[in-house]
Amino acid sequence: PFTGLGQLTRLGLADNSITSVSEQALVGLDSLVYLDLSANHIKTIHAQTLSHVPLLRQLRLNSTSLVCDCGIAWLPLYLHSSHVHATDMFCAYPAHLHGHLLSDVPPQQFSCSPDDFPKPRIIEEPRTQVALSGSDVSLSCKAVSSSDAPMSFKWRRNNRDLTEPVLRSVVDPASRNVTGVTQVSKLLLNNVSLDASALYQCIVSNDFGTAYSRKANLSVYTFPQLLKKPSNVTTKAGSMARLECAASGHPSPQIGWQKDGGTDFPAAQERRVHVMPTDDVFFIVNVKPVDSGVYSCTARNIAGMVITNATLTVVEPPSFVKEMEDKEVKVGEAIVLECMASGSPKPTLRWTKNGGDLQVTDRHFFTAEDQLLIIMDTVLSDSGLYSCEMTNSLGTNKGDAHLTVLPVYDGNVNDEDMTGVIIITVVCCAVGTSVVWVIIIYQTRKRLNPPTTSPVVHLDNKSEHSSSSKDSGTGDSTKRSHEDLLLETVTCVHQESEQSRPEVTLPLLTSFHPPAAVYKVPCRCSESSSVRTDHDRQPSYLCVPVYLPTPNTSCSQ
């Protein structure tokens with residue numbers, strides 16, 4: 001503090017409320033000869049303080065407040081060995097040395113004990129706190145001293161002393177224990193405002209020194225308050241929804257949005273959400289029915305959180321998620337007709353058939369909220385035009401699907417039955433044999449040749465069957481009678497194209513041996529990979545007669 005005063009020889013600091021002299025207090029006073037520190041209640045002087053004034057010859061200390069412990073033991077030795085003349089100085093502590101002249105105290109009496117600390121020690125410092133605006137705050141400071149000297153407490157805010165009426169300090173009565181005298185001070189701050197946010201410090205003093213606490217930070221916050229609340233919104237699909245929310249508080253609250261209690265909602269996933277931080281507006285563009293729900297605006301800061309809700313309703317006219325489709329089904333099978341509806345509010349569905357009410361039977365079932373019509377064990381009368389009409393508050397939509405029920409042709413015809421029919425028909429047509437006689441012959445053959453389970457007849461135009469067949473039961477099996485079953489050639493005519501297929505051999509029952517004849521029989525044929533028609537490996541065919549001629553049908557050769 002005295003830099004640049006190297007030529008100063010006399011310095012008077014009397015009556016300046018100085019209580020201690022630090023090591024660097026006299027730095028720069030190289031020429032100082034006279035120092036006056038009287039009337040200052042000095043308690044301690046650092047051992048290196050006077051080393052910075054080598055020319056000092058006169059010291060006026062005149063203190064009666066010295067703490068005569070190991071920290072001051074150097075001073076009598078210094079005064080004895082130097083040429084400095086000092087005024088009388090007296091001990092104030094410890095108690096057994098109180099009032100003794102410093103120069104008369106034996107060196108062994110200057111002791112330092114852990115239990116001797118006349119200067120206050122702060123054992124409980126004020127704590128950093130967070131408080132809401134309008135609440136009450138209390139800061140506490142506790143100090144202890146081994147001296148009986150009374151302690152005084154002082155509070156500072158941002159390094160400035162607090163005074164009444166701002167300061168309300170309550171000091172508890174002093175209590176003595178084995179460690180010394182303990183005292184507590186409490187700083188009471190009522191109905192704090194944002195201005196109360198500051199750094200607070202406790203200062204404790206007595207006759208032997210001063211102690212300073214750490215600075216405690218008091219932060220005063222304001223609970224969020226909503227300035228704008230979102231309103232319920234109803235809008236059409238494809239438009240834009242707008243919600244507003246704003247809040248105040250200290251620190252400024254952060255605004256967040258949730259849908260139905262969550263943040264991962266469809267509009268956020270599809271990046272259709274836009275937030276305008278400057279005007280506190282929340283947008284959803286191209287709204288969809290899935291965006292309907294409860295939206296929550298949350299305003300949050302360190303003091304707490306406040307929530308407000310609004311409902312977004314997205315309306316949409318009825319529409320088909322999937323267009324209705326025409327269906328075909330065979331008699332006896334089940335069929336499902338679909339009417340997949342969309343719309344908000346959810347549309348109601350009504351099914352009709354051929355423009356009239358649908359006659360529901362125990363074969364008709366509705367499911368998926370009437371979106372699926374299931375018909376079991378279909379019959380021919382189920383064919384028709386089925387309509388689905390969907391309706392909500394925004395309009396009506398209608399769709400149609402045509403159901404066709406097809407009759408079933410039973411293709412499981414026994415080989416022998418088919419052969420018998422062909423035999424009867426051809427014989428009746430060609431030779432006019434008695435129907436009764438033909439039936440007798442057919443039944444005889446059927447008993448002798450049990451039927452197979454094959455549903456169709458493989459017709460081979462190169463089959464090498466025995467030229468003799470079993471007789472009718474009236475003759476020798478080795479002889480040929482007029483009832484013999486002969487092989488004749490029949491042309492199978494394709495039903496659709498009316499084109500002739502390759503000739504195939506069919507067994508015919510005749511009463512005579514006519515020349516080779518060709519009979520035209522309508523058949524349905526398909527190529528077969530297992531039967532060859534001739535030795536040249538031409539394609540073979542699997543043929544089934546479509547219908548058989550009646551006895552009155554004329555046949556052409």
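# Why these labels? Questions on a predicted model

Reader: Why is L380 called partly exposed?

Author: Its relative accessible area is 48%. Buried means under 20% and exposed means over 50%, with partly exposed in between. The 48% of L380 falls between these cut-offs, so L380 is partly exposed. Please keep in mind that this is a predicted model. To find L380, look at the loop between β34 and β35.

Reader: What makes V331, L380 and V408 a patch on the surface?

Author: These residues form a nonpolar patch, with about 250 Å² of accessible area together. A patch takes residues with over 30% relative accessible area and no salt bridge, and nonpolar side chains are joined within 5 Å. L380, at 48%, is over that 30% cut-off, so its accessibility fits the rule.

Reader: Happy with that one. Is S63 buried or exposed, and how do you know?

Author: The relative accessible area of S63 is 2%. Buried means under 20%, so S63 is buried. S63 sits in the loop between β5 (58-60) and β6 (66-67). Leaving aside residues up to four places away in sequence, S63 touches H41, I42, D88, M89 and F90. In the chain as a whole, 38% of the 557 residues count as buried.

Reader: What makes the pair of S63 and S65 a polar contact?

Author: A polar atom of the S63 side chain lies 3.2 Å from the backbone nitrogen of S65. The cut-off for a polar contact is a pair of N or O atoms within 3.5 Å, and 3.2 Å is within it.

Reader: How do you know whether D260 is buried or exposed?

Author: D260 has a relative accessibility of 52%. Exposed means over 50%, so D260 counts as exposed. Its backbone deserves a look too: D260 is not a glycine, yet its phi is positive, about 55°. You will find D260 in the loop between β23 (254-259) and α2 (266-269).

Reader: And why is A368 called partly exposed?

Author: The value for A368 is 36% relative accessibility. Partly exposed covers what is in between 20% and 50%, so A368 counts as partly exposed. A368 is not a glycine either, and has a positive phi of about 55°. Its place is the loop between β33 (364-367) and β34 (372-375).

Reader: How do you know that β31 and β35 pair?

Author: Two strands pair if there are at least two bridges between them. There are 6 bridges between β31 (residues 348-353) and β35 (residues 384-392), so these strands pair. They run antiparallel, and T352 stands opposite S387 in β35. Both strands belong to an open sheet of 5 strands, in the order β28-β36-β35-β31-β32, with mixed pairing.

Reader: Why do β28 and β32 stand at the edges?

Author: β28 (327-330) and β32 (356-357) each have a single partner strand, so one side of each is left without a neighbour in the sheet. As background, strands of a sheet pair through backbone hydrogen bonds, either parallel or antiparallel.

Reader: Which peptide bonds leading into P94 and P345 are cis?

Author: Y93 and P94 are joined by a cis peptide bond, with omega about 5°. The bond from S344 to P345 is cis as well, with omega near 0°. P94 lies in the loop between β8 (91-93) and β9 (121-124), while P345 lies in the loop between β30 (340-344) and β31.

Notes:
Residues numbered from 1 in each chain as written. Predicted model: local features only at pLDDT ≥ 70, side-chain atom pairs only at ≥ 80, totals over all residues. Heavy atoms only, no water. Helix = DSSP H or I, 4+ residues; strand = E, 2+ residues; numbered from the N terminus. Buried < 20%, exposed > 50% of the residue type's maximum accessible area, 1.4 Å probe, protein only. Polar contact = N/O pair within 3.5 Å; in protein donor to acceptor, adjacent residues only side chain to side chain. Contact = heavy atoms within 4.5 Å. Patch = residues over 30% accessible without salt bridge, like charges linked within 9 Å, V, L, I, M, F, W, Y side chains within 5 Å. Areas by Shrake-Rupley, 256 points an atom, 1.4 Å probe, with all protein chains shown as cover. Salt bridge = Lys/Arg side-chain N within 4 Å of Asp/Glu carboxyl O.
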